[in-house]
Amino acid sequence: MGKVIAITNQKGGVGKTTVAVNLGVGLAREGKKVLLIDADPQGSLTASLGYVEPDDINRTLATVMIEVMNDVDIDPMDGILHHAEGVDVLPANIELSGLEVALVNAMSREVILKLYIEMIRDQYDVVLVDCMPSLGMMTINALAAADEVIIPCSASYLPVKGLEQLMATIIKVKKHLNRKLRIRGIVMTMTDFRTNYAKDIAEMIRSGYGSKVGIFKTTIPFSVKAAEPSAEGVSVYKHCPGGKVANAFADLTKEVLG
């Protein structure tokens, strides 16, 4: 059975999608069979892998979850796309926003995504869920389905401030919906340790959360190279092999596997 990892932070712009794409491709490069699930109506992960018009895709996560909600018999692999770098993708688009509203009145609304993932889980070694930047119903679904949580956090004040609320939500989900859920760790992204500001924020994270949850040794450096691959629909490994960002993601992949 594959391991399910939710990549989440309710603050936007902290590198969730960048982590999801490059960790997923990194795991595939290590021989793992990987599924990336885009659980964000903006379709950022979908677009980052080259599907530049997510709204034109007919079958997405929203389609699948509506069918699960309505007890429709489905082929769970239908709609999964295959990327050239060895990962599978279940895309998302703006329809997911409407689904979040529909989930409010659905029976077992917190576990619809889990019901789907259980159908395909034995096909993969790792399932990575790229969550939307909120603590809404889709993120709750992702946490209810996950074995582990990875929290990307940029080295700036507001994302760190928001960690407290995220931790409280994870604890509630663990208590009421998913007893096996655990925080795998916080990964610091977009760090530039040449500045005292980044050093201070990193120290704030370590002193505030280091004793409670794991913090990955690997940090993802601030670099334009981390953002450029999204426009090309490839990972950083393909865009800039051997660069400092690619090397950082290779190290993060080893930590996750370790």
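In this predicted model, M190 turns up in the loop that links β7 (182–189) to α8 (196–209). The backbone here does something a bit unusual: M190 is not a glycine, yet its phi is positive, at about 50°. Most residues other than glycine have a negative phi. As for its surroundings, M190 has a relative accessible area of 35%, so it counts as partly exposed, given that this class runs from the 20% limit for buried up to the 50% limit for exposed.

A second residue of this kind is S108. Its phi is near 55°, again a positive value in a residue other than glycine. S108 also belongs to a loop, this time the one between α4 (95–103) and α5 (112–120). Its relative accessibility comes to 42%, and S108 is therefore put in the partly exposed class too.

Another loop serine, S223, gives a contrasting picture. S223 sits between α8 and α9 (224–232), and its relative accessible area is just 17%. That value falls under the 20% cut-off, which is why S223 is called buried. What does S223 touch, once residues up to four places away in sequence are set aside? The contacts are with K244 and V245.

Turning to the strands, β1 covers residues 3–7 and is mostly tucked away, with four of its five residues buried. β1 also has pairing partners. One of them is β5 (residues 126–131), which runs parallel to β1 and is joined to it by five bridges. Within this pairing, V4 has V127 of β5 as its bridge partner. Another partner is β6 (residues 148–154), and here three bridges hold the pair, once more in the parallel sense. On that side, I5 stands opposite E148 of β6. Put together, β1 is a mostly covered strand that pairs in parallel with β5 and with β6.

That leaves the aromatic rings. How many aromatic pairs does a search of the whole structure find? The count is zero. One ring does have a charged side chain for company, though: K33 lies over the face of Y124, and the distance to the ring centre is 5.0 Å. This fits the limit of 6 Å used for a charge over a ring. So while the search turns up no ring-to-ring pairs, the ring of Y124 still has K33 over its face.

Notes
Residues are numbered from 1 along each chain as its sequence is written. This is a predicted model: local features need pLDDT of at least 70, side-chain atom pairs count only at pLDDT 80 or more; totals for chains, interfaces and linings use all residues. Side-chain values use heavy atoms; hydrogens and water are left out. Buried means under 20% relative accessible area, exposed over 50%, partly exposed in between (1.4 Å probe, protein chains only). Helices (H or I, at least four residues) and strands (E, at least two) are DSSP runs, numbered from the N terminus. Two strands pair if DSSP finds at least two bridges between them. Rings of Phe, Tyr and Trp (its six-membered ring) pair if their centres lie within 6.5 Å; planes under 30 degrees apart count as stacked, over 60 as edge-to-face and the rest as tilted. A charge sits over a ring if NZ of Lys or CZ of Arg is within 6 Å of the ring centre and within 35 degrees of the ring normal. Contact means heavy atoms within 4.5 Å.
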